[in-house]
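Trainee: I've got a chain open on my screen and I'd like to talk it through. Could you take my questions one by one?

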Amino acid sequence: MDGGRGPPFSNPWGCAVSVNVAVVGATGAVGDLMRTVLAERHFPLKSVKFLASEKSAGKPVTFAGRTYTVEPLRPEAFAGVQIVLSSTPGSVSKEFSPIAAKAGAIVVDNSSAWRMDPDCPLVVPEVNADQLHHIKKGIVANPNCVAIPLCVAVKPLHDLGRIKRIVVSTYQSSSGKGAKGLIDFANQMSAWAAGNPVPAPTAHRAQLAGNVVTLDWTLDPNGFTEEENKVVNETKKILGDATIGVCPTCVRVPVRVAHSEAITVEFHRPVSVEAARAALAKAPGVTLMDEAKGEFPQPIHAEGSDSTFVGRVRQDPSNPNALCLWVVSDNLRKGAATNAVQCAEELVKRGIVK
Ligand SMILES: NC(=O)c1ccc[n+]([C@@H]2O[C@H](COP(=O)([O-])OP(=O)(O)OC[C@H]3O[C@@H](n4cnc5c(N)ncnc54)[C@H](OP(=O)(O)O)[C@@H]3O)[C@@H](O)[C@H]2O)c1
């Protein structure tokens, strides 16, 4: 079946609305998973099409048990499309997202191109879904894959004690660099395990096998990396509080999928571990793990899950107003594809897309 003009999809939501969707960047690490997530969540599709660069046009992709042909990303591809789920480089989104919006679609964009645009909401549905009612340019920005689980985990704590400052160190997986990162990871780790010379990295800035890399991103003039500056700016925008201090150190580690974060949260008043755990236990999107039972969040468990795993909740011994926690989440799912599909779901549920 070509171009997504198939029979209507089943609609287990039971809602009256079904939507014409285009997945842009469908051949990438995020775009590939977007198909899985749309199918798993039974998104109410009327039609779906898959777009990528000219070089991928004509390639087959499977979705919901059918084969589709990847179409080239061209302006005319957006005719009749209501929601675009876009996962391309930022430069491509800068060019094509406004074209899609002008054609009448709402674009949920995974790149960094629109995140700090004041006219584009930056949305984590568990935290600030109400921002979807303020779409001025037809574009909703999906936040960075560190900022999303960080905000999911700290929002219930912010509600308890109002956050003053966040210090976060990350342990980010290779898949954060997309399909090319995953190729680096596979080639390097297999050579490393076999005791062979490790091939030079192509996506990463340095060898990943047996190493950790803190300059895997462009260095900005303020001495922080581009990734770290995204975490600072996006966290404040998502939590809706520009006064929150955020100090990140972003590090790439030899893990295939799922980012981990060591977070220290300072509040304006003391928040007990018990109150924090109680709030996290009922927070949407959070799976709270209990180290007393030997449980702790790990990337190998988070991979393939849509949850944000939180554990090691403890009092900061150096500050009575601060707590420490450990957070792990699948960067390709909750950090990208799942969050985007959740935004699309909210657009439908809230009647913004009819
Ligand atoms: N990986 C993550 O953990 C993650 C998390 C959050 C956000 N993001 C963001 O999501 C976006 C995609 O990331 P990714 O990791 O999936 O990257 P990726 O694996 O490199 O995939 C990029 C996708 O964009 C398409 N593309 C590239 N240039 C294009 C062009 N000129 N016209 C049309 N399509 C084009 C590619 O198509 P071809 O295959 O045809 O080249 C591919 O489908 C990026 O902006 C990234 O920053 C990634």
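Trainee: Among contacts with a separation of 6 or more, what share comes from residues 24 or more positions apart?
Mentor: This is a predicted model, where local features need pLDDT of at least 70, side-chain atom pairs count only at pLDDT 80 or more, and totals for chains, interfaces and linings use all residues. Residues are numbered from 1 along each chain as its sequence is written. A contact means two C-beta atoms, placed from the backbone, within 7 Å. For the protein chain, the share is 67%.

Trainee: And how confident is the predictor on average, as mean pLDDT?
Mentor: pLDDT is the predictor's confidence in each residue, from 0 to 100. In the protein chain, 96% of residues reach 70 or more, and the mean is 95. Residues 1-8, though, have pLDDT below 50. So much for the exception; the mean pLDDT asked for is 95.

Trainee: Why is the chain called as compact as a globular protein of its length?
Mentor: The radius of gyration is taken over C-alpha atoms, and the globule rule is 2.2 Å times the number of residues to the power 0.38. For 354 residues that rule gives 20 Å, and the chain's radius of gyration is close to it, at 20 Å.

Trainee: Which strands sit at the edges of the open sheet?
Mentor: Strands are DSSP runs of E, at least two residues, numbered from the N terminus, and two strands pair if DSSP finds at least two bridges between them. The order is S10-S9-S11-S14-S13-S12, with mixed pairing. Pairing on one side only, the edge strands are S10 (245-249) and S12 (286-288).

Conventions: Helix = DSSP H or I, 4+ residues; strand = E, 2+ residues; numbered from the N terminus.
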